[in-house]
Amino acid sequence: MTPFTLAQVPERITGSAAWYGAALVKRHDWIETLSSAEIEELDRAIRRLAGRDIDLAAIHAEHFQLPMLAPRLQRIAAEVLSGRGFALVRGLDIGRY
């Protein structure tokens with residue numbers, strides 16, 4: 001991975017990446033709350049993987065199938081990488097994972 005340099009920072013940020021906190025407080029499109037069905041799908045995938053002897057770095061999509069949740073995660077990733085630059089995902093019990 002190539003190190004990030006200040007020369008790569010655009011002179012002006014435009015589009016959905018140009019946001020102000022005061023404006024975001026009034027909107028909720030950056031908050032993604034997972035449904036109980038999505039969380040259960042994630043739990044099933046975790047349980048399937050937990051019983052296998054597989055290196056974390058070797059996990060691929062075929063090992064961790066999320067037919068319902070994957071399209072949503074892809075949309076969120078696209079927004080993070082090419083849009084606003086962040087998203088808040090709610091609904092996971094972090095103590096559980």
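Leaving aside residues up to four places away in sequence, Asp43 touches Arg96 and Tyr97 in this predicted model. With Arg96 there is also a polar contact, side chain to side chain, at 3.2 Å. Asp43 itself sits in helix H2, which covers residues 36-50. Its relative accessibility is just 6%, and because the cut-off for buried is under 20%, Asp43 counts as buried.

Stepping back to the protein chain as a whole, there are three helices and two strands. Read from the N terminus, they come in the order α-β-α-α-β. The chain is more spread out than a compact globule, since its radius of gyration is 17 Å, well over the 13 Å that the globule rule gives for 97 residues. Measured out along the principal axes, the C-alpha atoms fill a box of roughly 50 × 35 × 25 Å.

Burial and contacts add to the picture. Of the 97 residues in the protein chain, 20% count as buried. Looking at contacts between residues at least 6 apart in sequence, 72% link residues at least 24 apart.

As for the surface, about 7,700 Å² of the protein chain is accessible, and carbon and sulfur atoms account for 59% of that. The chain carries 12 positive and 12 negative charges, and the mean positions of the two sets lie 6 Å apart.

Definitions and conventions: Residues numbered from 1 in each chain as written. Predicted model: local features only at pLDDT ≥ 70, side-chain atom pairs only at ≥ 80, totals over all residues. Heavy atoms only, no water. Helix = DSSP H or I, 4+ residues; strand = E, 2+ residues; numbered from the N terminus. Rg over C-alpha atoms; globule rule 2.2 N^0.38 Å. Buried < 20%, exposed > 50% of the residue type's maximum accessible area, 1.4 Å probe, protein only. Contact = heavy atoms within 4.5 Å. Areas by Shrake-Rupley, 256 points an atom, 1.4 Å probe, with all protein chains shown as cover. Lys, Arg positive; Asp, Glu negative; His and termini not counted. Charge placed at Lys NZ, Arg CZ, Asp CG, Glu CD. Polar contact = N/O pair within 3.5 Å; in protein donor to acceptor, adjacent residues only side chain to side chain.
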